[in-house]
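Q: Please take a close look at one part of this predicted model. I would like to start with its largest pocket and then follow one helix that helps to line the pocket.

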Amino acid sequence: LNKSIQDAGWNMFVSMCTYKAECAGREVLTVNPRYTSQVCSGCGTIHKKELSERWHSCECGTEVDRDHNAALNILNKGLQTLSGGTHPTFVASVEAPAFTHGVRHVI
């Protein structure tokens, strides 16, 4: 798995995103994704998981797909980085995208 991830060309992907962002007057922020799928996006509790576990379930009531949970944690890390670690808003829930007639709509 590690070899295939390294072969995916992440540096090239980040370079392309950075170039496009600069052209649009935006900025790319990279965040270390380590352990983001194991930390609860709702309460911050750590839940060790095997890679085969695809659902995140927590005592606080957070029930989301493992990847969705990781995405929320990455978003929160990015917001904290932008605000110098003092960002008051903690994003605990973002609606999953809905697909209708082949067109993607984000709710």
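A: Start with the lining. The largest pocket is lined by 20 residues. Those nearest its centre are Trp10, Val31, Pro33, Arg34 and Ile74. Two elements each give two or more residues to this lining: α2 (10-23) and α3 (66-82). The space in the largest pocket comes to about 620 Å³. Sorted by class, its lining holds 12 nonpolar residues, five polar ones and three charged ones.

Now follow helix α3. This helix has 17 residues. At 1.5 Å a residue, α3 should span 24 Å. The C-alpha atoms at its ends are 25 Å apart, which agrees with that expectation.

Next, look at the buried residues of α3. They are Arg66, Asn69, Ala70, Leu72, Asn73, Asn76 and Gly78. What do they pack against? The buried residues of α3 pack against β1 and β2 (63-65).

Helix α3 also holds one end of a salt bridge. Asp67 in α3 pairs with Arg54. Their closest N and O atoms are 2.9 Å apart. Arg54 sits in the loop between α2 and β1 (55-57). The two residues are 13 residues apart, and the pair links distant parts of the chain. By the rule used here, the count is one salt bridge.

Are the two partners buried or exposed? Asp67 has a relative accessible area of 46%, so Asp67 counts as partly exposed. Arg54 is at 38% relative accessibility, so Arg54 is partly exposed too.

Terms used:
Residues numbered from 1 in each chain as written. Predicted model: local features only at pLDDT ≥ 70, side-chain atom pairs only at ≥ 80, totals over all residues. Heavy atoms only, no water. 1 Å grid on protein atoms, 1.4 Å probe; cavity = no way out; pocket = protein on both sides within 12 Å on 5 of 7 lines; lining within 4 Å. Points joined across faces, edges and corners; volume = space filled by probe spheres on them. Helix = DSSP H or I, 4+ residues; strand = E, 2+ residues; numbered from the N terminus. Nonpolar A, V, L, I, M, F, W, Y, C, P; charged D, E, K, R; others polar. Salt bridge = Lys/Arg side-chain N within 4 Å of Asp/Glu carboxyl O. Buried < 20%, exposed > 50% of the residue type's maximum accessible area, 1.4 Å probe, protein only. Expected span 1.5 Å × (residues − 1). Contact = heavy atoms within 4.5 Å.
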